[in-house]
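Let us take a walk through a protein chain together, one step at a time. Please keep the picture open as you read, and turn it whenever a new part is named.

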Amino acid sequence: MVGGIALLLASSAVAALAIRHEARERELIDGLRHGGYVLYLRHARRLRGDREALSSESKLTDFLVPLGVLGSAFSACYRRPIAIEEMCVMSLVTDNSYRSLMPQMEERGFALVPIDAALGRAIDHSFALGHGFFTKPAEDKLRYALPAFVEGYRELGPEYSKVPERPDLTESFSVWNRNRARPELENWSAGCPLHGVLRDIFDQLTGVTRGLFRSMIDYWAPGAPELRFSNGSWLQVNYYEPARHRRELLQDPHEDMHLVTLVRANAPGLEIEVDGVFVPAEVGENELLVMPGSILSLMTGWRVKPLYHQVRNNHRGDPRSSILFFVNPEIDQVLEPWISNETNAGVDIVARASAGPSNFGLPTLVDGLAGKGTDPAEMDTAIRAPRPLESAAQ
Ligand SMILES: [Fe+2]
């Protein structure tokens, strides 16, 4: 009897291992399918230079190469058998990893950047945590709001896309790198796991964005200095309840007035303007949409146009979540345009970027950094209060 149970447990363990192995294999292939990703040994991150050695030796971006062959390549490199479980997918961001996206940004007005499965899972996890957070009573949510620094929860009302009278019909939660050391936020992660997860995603998206900017410089202005953005950018989760509103647009048409916005949502609604017509944004499972803003237009001498977009209300009963990485330059740098012409002559690009959020009811980058953001207690309560269905403006 005891032997039978042991056999059963052993076979269950083997089955569980096989399932994990299969899932791992799918994840690796999935990552490789998006060029620019390599298989990498999890423990080899410690060894400086290995990434370059492996990538140049094994032509790892070809997803048609059987994993066993890749395993052999790694094994030869490390002179011992290497199992699939020891590999992981990692972005290989070089100076021009995303270079092929730049002509697309010029010609189509947007680009789709691949992300690895782990980042996709983290984003999905943030949506799940967000749902748990946003469905709490208002007083609980407001415990995680630091509007002076634009960190954390923001109720429906202050933020708008066109005019204050038509607020974006969404609640949101924002995370800034510049606020990481703020003592007020020290205990947030204990009571609000969403905050910690968004910080992790911020870091991962910073890597993707750094690669994008390096590719932009390689394409438009080889040799130009690196563009610093980490402390000027924020990550935001929006939480919509479409069925609560009669308006046809949950967000009015606008461009974000940033360098770029990286976005992904868990439901339809986002529409982008292509050739003068708003069409649904189609974003694959392991992709992010890159939406250029007018600060990038200024940097590129308007070769890249701002992408206008809106969010349509499909009146669905289920909530809709989206994650947005709003990328701005850090304000303590002087930015020379990558391409100078009459569109950006004499323009202070950093000052323009700082002012951008004030067009949407948010503090400038300068004010937000200084803790001079909007204080909800001083706001117009008629605008702040969530509106009943009957009074929602069209
Ligand atoms: Fe937007």
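The paragraphs below go from the whole chain to its sheets, its core and a few single residues.

Before anything else, please remember that this is a predicted model. The average pLDDT along the chain is 79, and 71% of the residues score at least 70. Some stretches score lower. Residues 1–17 have a pLDDT below 50, and this stretch has zero contacts beyond near neighbours in sequence. Residues 33–66 also have a pLDDT below 50, but here the model shows 55 contacts beyond near neighbours in sequence.

Now look at the chain as a whole. Its secondary structure consists of twelve helices and 14 strands. There are 394 residues in the chain, and 40% of them are buried. How do distant parts of the sequence come into play? If you take the contacts between residues at least 6 apart in sequence, 78% of them join residues at least 24 apart.

Next, let us turn to the sheets. As a reminder, strands of a sheet pair through backbone hydrogen bonds, either parallel or antiparallel. One open sheet has eight strands, and you can trace them in the order S3-S12-S9-S14-S7-S6-S5-S4, with antiparallel pairing. Strand S3 (111–114) and S4 are its edge strands, each pairing on one side only.

Start at the S3 end. Four bridges hold S3 and S12 together in the antiparallel sense. Within this pair, Ala111 of S3 faces Val290 in S12. At the other end, S4 and S5 run antiparallel and are joined by two bridges. Here Leu146 has Glu151 in S5 standing opposite. Moving inward, S5 pairs with strand S6 (residues 171–176) through three bridges, again in the antiparallel sense. The bridge partner of Gly152 in S6 is Ser174.

A helix goes with this sheet too. Helix H5 (residues 117–134) lies across S6, strand S7 (234–240), strand S9 (260–265) and S14. The angle between H5 and S14 is about 115°.

There is also an open sheet of four strands, in the order S8-S13-S10-S11, and its pairing is antiparallel. Which strands stand at its edges? They are strand S8 (249–254) and S11. Each has a single partner strand, so one side of each is left without a neighbour in the sheet. From one strand to the next, the twist averages 30°. Inside this sheet, strand S10 (residues 270–274) and S13 pair over three bridges in the antiparallel sense, and Glu271 stands opposite Gln310 in S13.

With the sheets in place, let us look at the core. The largest nonpolar core has 75 residues, and the members that touch the most others are Val113, Val263 and Val290. Helix H8 (residues 193–220) gives the largest share of this core, with nine residues. Val290 is the residue that you met opposite Ala111. What does Val263 touch, leaving out residues up to four places away in sequence? The list is Leu270, Leu288, Leu289, Met291, Ser322, Ile323 and Leu324.

Finally, let us visit three residues in loops. Ala281 sits in the loop between strand S11 (277–280) and strand S12 (287–292). Is Ala281 buried or exposed? A residue counts as buried if 20 or more other C-beta atoms lie within 10 Å of its own. Ala281 has 21 such atoms, so Ala281 is buried. Not counting residues up to four places away in sequence, Ala281 touches Leu270, Glu271, Ile272 and Leu289. Pro268 is 13 residues away from Ala281 along the chain, and their C-alpha atoms are separated by 8.1 Å.

Val150 and His315 make a nice pair to look at side by side. Val150 lies in the loop between strand S4 (145–146) and strand S5 (151–154), in a hairpin with four residues between the strands. Its phi is near 60°, a positive value in a residue other than glycine. His315 belongs to the loop between strand S13 (309–312) and strand S14 (320–327), and the phi of His315 is likewise positive, near 60°. Their surroundings are another matter. Val150 counts as buried because it has 25 C-beta neighbours inside 10 Å. His315 has 11 C-beta neighbours inside 10 Å, so His315 counts as exposed.

Definitions and conventions: Residues numbered from 1 in each chain as written. Predicted model: local features only at pLDDT ≥ 70, side-chain atom pairs only at ≥ 80, totals over all residues. Core = buried A, V, L, I, M, F, W, Y, C linked by C-beta atoms within 7 Å. Buried ≥ 20, exposed ≤ 12 C-beta atoms within 10 Å, placed from the backbone. Contact = placed C-beta atoms within 7 Å. pLDDT = per-residue confidence, 0-100. Pairing = 2+ DSSP bridges. Axes fitted to C-alpha atoms, helices over the stretch in contact; angles between N-to-C directions.
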